[in-house]
Amino acid sequence: MTTAFPNGFLWGASTAGHQIEGNNVNSDWWAREQVTPGMDLSGDACDSYHRYGEDIALLAEAGLDSYRFSFEWSRIEPIEGRFSRAELAHYRRIVDACLEAGVTPVVTLQHFTTPQWFAEAGGWSAPDASDKFARYVAEACTVLDGVEWVATMNEPNMQAAIMTAMKRMQQSADGSWTSPTVEHATDEERQRASRNFLANADPEIGRMFVRIHHAARAVVREKTSAKVGWTIAAGALTAAPGGEEKLAEIRYGKEDVFWEGSRGDDFVGVQAYSSQEVDAHGLVPHPVSPDNTLVGTAYRPDSLAMAVRHAWEVTGGVPVLITENGIATKDDEQRIRYTDEALQGLHDTIEEGVDVRGYLHWTLLDNYEWGHWEPTFGLIAVDRETFVRTPKPSLGWLGDVARRNALA
Ligand code: FCB
């Protein structure tokens with residue numbers, strides 16, 4: 001059996017603006033970092049705002065041919081309705097740096113962060129949120145000439161899960177995020193509730209995101225010739241004995257509303273890291289194992305193929321681009337092993353007939369992981385004082401896979 005991938009298969013790495021650029025001072029995340037106890041600050045991040053040229057060169061020299069990065073809405077529109085020509089030109093320069101290096105740019109228009117003014121005006125639940133986003137997307141389209149792959153949003157389903165948890169928190173009498181009845185819960189019940197913090201997403205919120213995505217998609221289609229889709233966090237969830245009903249409930253609100261919302265898109269971004277069981281009470285904690293990742297999840301490279309099969313089924317055959325897959329580990333050998341196994345599984349799905357267009361590893365650089373610097377997902381280490389980049393063996397390994405377009 002050969003492990004060659006289809007001709008023209010994209011091989012690359014993914015990043016997100018807030019995690020690598022530094023000093024995104026007008027975003028809601030920046031504001032949150034300043035006031036949330038226990039959160040590390042993003043600060044200068046990896047200074048990729050200035051060093052993107054070096055990042056793209058390292059990726060291309062290693063043998064990779066595509067780079068996913070995001071535009072920062074809060075830089076482009078720091079004040080409502082006031083668009084910065086200079087920032088749009090900045091993102092155009094990143095696109096050009098890719099094209100000049102023979103690297104296919106994959107652009108995410110919104111990766112978790114929004115401008116602080118947008119958040120203060122009610123965020124995604126504000127009645128005019130879709131119009132505001134569409135207006136920004138129209139401006140972003142002015143610098144997308146020659147870009148073939150555009151994702152409107154990153155993981156709207158995680159954003160929906162956060163909104164659902166926040167809503168519950170506001171509704172609860174004592175200000176805690178669990179239901180008031182949990183006051184009488186045992187320690188074990190509390191622990192389970194805390195692990196299930198982001199387990200659910202209200203399907204109504206999901207449907208709202210689908211409408212916003214479809215409006216943005218129409219703008220991208222009108223103004224560019226890019227393929228357009230969005231990227232979805234895949235839980236690769238399975239039922240423990242007795243958990244079938246709960247699995248269906250969780251998976252619908254948290255994922256399937258979004259996969260269904262991809263129908264009619266040109267591609268869907270699949271993002272998978274681990275797999276988890278659901279029993280009658282909700283998510284089952286990841287079993288303790290020395291192989292667990294730095295973010296506490298199980299070592300499950302098979303989650304990628306599981307996620308791809310599920311996406312293919314629920315979208316009804318929308319072409320798949322792997323926009324994220326990787327592992328938080330200090331052990332780069334483990335990263336290589338994980339990626340190799342994940343790619344073997346991905347290859348199986350292609351053999352089964354799934355239309356997979358490419359694989360973008362999360363992530364190019366050790367970066368700011370949403371409140372924490374500790375989890376290292378990168379193919380390249382970054383010194384946070386000097387910003388010196390040091391490629392890890394996994395970068396060369398993945399570059400070799402890309403050059404061969406096959407696993408060894
Ligand atoms: C995904 C996010 C990405 C990063 C990885 C580890 O959920 O899209 O920004 O945090 O997980």
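This passage describes the surroundings of the ligand and then one helix, α14.

The model is predicted, so local features need pLDDT of at least 70 and side-chain atom pairs count only at pLDDT 80 or more, while totals for chains, interfaces and linings use all residues. Residues are numbered from 1 along each chain as its sequence is written, and side-chain values use heavy atoms, with hydrogens and water left out.

Around the ligand stand Gln19, His111, Phe112, Asn154, Glu155, Gln271, Tyr273, Glu324, Trp362, Glu369, Trp370 and Phe377 (a residue is near a molecule if one of its heavy atoms lies within 4 Å of it). This shell comprises five nonpolar, four polar and three charged residues (Ala, Val, Leu, Ile, Met, Phe, Trp, Tyr, Cys and Pro count as nonpolar, Asp, Glu, Lys and Arg as charged, and the others, Gly among them, as polar). Polar contacts (pairs of N or O atoms within 3.5 Å) link oxygen atoms of the ligand to the side chains of Gln19 at 2.7 Å, Glu324 at 2.9 Å and Glu369 at 2.9 Å. The protein buries 90% of the 290 Å² that the ligand exposes when taken alone (Shrake-Rupley method, 1.4 Å probe).

Helix α14 (a DSSP run of H or I with at least four residues, numbered from the N terminus) covers residues 393-404. Its end C-alpha atoms are 17 Å apart, in agreement with the 16 Å expected for 12 residues (1.5 Å times one less than the number of residues). Buried residues of α14 (under 20% relative accessible area, 1.4 Å probe, protein chains only) are Ser394, Leu395, Leu398, Gly399, Val401 and Ala402. They lie on the same side of α14 because their arc around the axis is only 155 degrees (taken from the directions from the helix axis to the C-beta atoms). Turned away from that buried side, the opposite face carries Pro393 and Arg403, both exposed (over 50% relative accessible area).

Definitions and conventions: A polar contact is a pair of N or O atoms within 3.5 Å; within protein, one must be able to donate a hydrogen and the other to accept it, and residues adjacent in sequence count only if both atoms are side-chain atoms. Helices (H or I, at least four residues) and strands (E, at least two) are DSSP runs, numbered from the N terminus.
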